[in-house]
Amino acid sequence: SAGALAWQPDGSLVVGYSGPSVLAGDLTRPGTLARVDLANGSVTPFASGLSAANGVAVAKDGTIYATNDFGNLVGRVAPNGSVQPDWSSIPSANGAALTSDGAYLYVAQTFASPGISRIPVANPGAPETVVAFGGGDVIKAADGLTLDSRNRPIVPTDVSGEILRVDGPGQVCSLASGLFVSSVVTYGRGEQGFGNGRLFRAGFDGNIYEIPGGFDAAARTAAP
C-alpha cells in the first residue's frame with residue numbers, strides 16, 4: 001500500500017509504499033521508494049529494503065528519510081541510492097519533516113511512545129522527545145506532520161481529530177478540533193488556490209479542509 005509523497009530537489013515526485021509484511025517491517029524490510037512520472041503516470045522504483053516508507057522527508061541534497069509507524073527503524077537513502085535501513089531507531093515514527101537547515105528530522109509517533117520527537121541528523125542515535133502524550137492523550141494518534149516557517153511542528157491526530165502546533169518542549173497549541181480521522185497537513189505554495197501560507201488538512205474521510213488558525217505567510221510546502 002502507498003504511504004507518503006514527497007518532492008525531490010530535481011522536481012520529481014517520490015512515493016513510498018510497503019507490502020503486508022510492514023507490520024514486521026524492521027525484520028522483513030518491505031519499504032520501497034519510487035519516482036512518479038507526472039506526465040504519463042509511470043512508477044519507477046529506485047530504493048528498497050527499508051522498514052517502511054509511511055513518512056518520507058527529503059533533504060536539499062536529495063537524501064531521503066523514511067519511517068515505519070509499526071516498527072522502530074528510520075531509514076536513510078543517500079543521493080547515490082545507497083540504503084541504510086537502520087539509520088535511526090524510534091518507536092512508531094510516522095509523519096516526518098526536516099527543519100529548514102536540515103539539522104533535525106521531526107517525526108510524529110502514533111502508537112508506541114506517542115507524541116512528537118526529533119532526530120539530530122548529525123547524531124541519529126540520540127532522538128529527543130519534544131512532546132509526550134500521556135494519560136488520556138495516548139490515543140490521539142499523531143500522523144503526517146509538517147513544519148511552519150519557524151520550524152514548529154504542526155500535526156494532525158487521527159483519533160482525537162485535532163490539528164496541533166508544537167510551540168516548544170511540552171507545549172502544544174490547538175489550531176482546530178472536531179476533524180476526526182485527520183491524516184496529514186501541508187502548507188500550500190503559489191499565488192492562487194492552495195497558495196502560500198495556507199494550511200490544509202486531508203483525512204481518511206477523503207476530505208480536504210483549510211485550517212485558518214495555521215496561516216503562516218512565510219510557510220511553503222516542501223516542493224521544488
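On the surface of this chain, L23, F70 and F111 together make a nonpolar patch of about 340 Å², where a patch is built from residues with over 30% relative accessible area and no salt bridge, nonpolar side chains (Val, Leu, Ile, Met, Phe, Trp, Tyr) being joined within 5 Å and like charges within 9 Å. A salt bridge here is a side-chain nitrogen of Lys or Arg within 4 Å of a carboxyl oxygen of Asp or Glu, and accessible areas come from the Shrake-Rupley method with a 1.4 Å probe, only the protein chains shown counting as cover for residues.

The model is predicted, so local features need pLDDT of at least 70 and side-chain atom pairs count only at pLDDT 80 or more, while totals for chains, interfaces and linings use all residues. Residues are numbered from 1 along each chain as its sequence is written, and side-chain values use heavy atoms, with hydrogens and water left out.

One member of the patch, L23, lies in the loop between strand 2 and helix 1 (25-28). With a relative accessible area of 60%, L23 is exposed, since buried means under 20%, exposed over 50% and partly exposed in between (1.4 Å probe, protein chains only). Y17, found in strand 2 (residues 13-17), counts as partly exposed because its relative accessibility is 28%. The C-alpha atom of Y17 is separated by 9.8 Å from that of L50, which is 33 residues apart from Y17 along the chain.

Further along the chain, an open sheet of four strands runs in the order 13-14-15-16 with antiparallel pairing. Its edge strands, each pairing on one side only, are strand 13 (146-147) and strand 16 (171-176). Strand 14 (residues 153-156) and strand 15 (residues 163-168) are joined in the antiparallel sense over three bridges, and I154 has R165 in strand 15 as its bridge partner. Two strands are said to pair if DSSP finds at least two bridges between them.

Taken as a whole, the chain has one helix and 19 strands, these being DSSP runs numbered from the N terminus (helices H or I, at least four residues; strands E, at least two). The radius of gyration is 16 Å, close to the 17 Å that the globule rule gives for 224 residues, so the chain is as compact as a globular protein of that length; the radius is taken over C-alpha atoms, and the rule is 2.2 Å times the number of residues to the power 0.38. Of the 224 residues, 50% count as buried, and carbon and sulfur atoms supply 54% of the roughly 10,000 Å² that the chain exposes.
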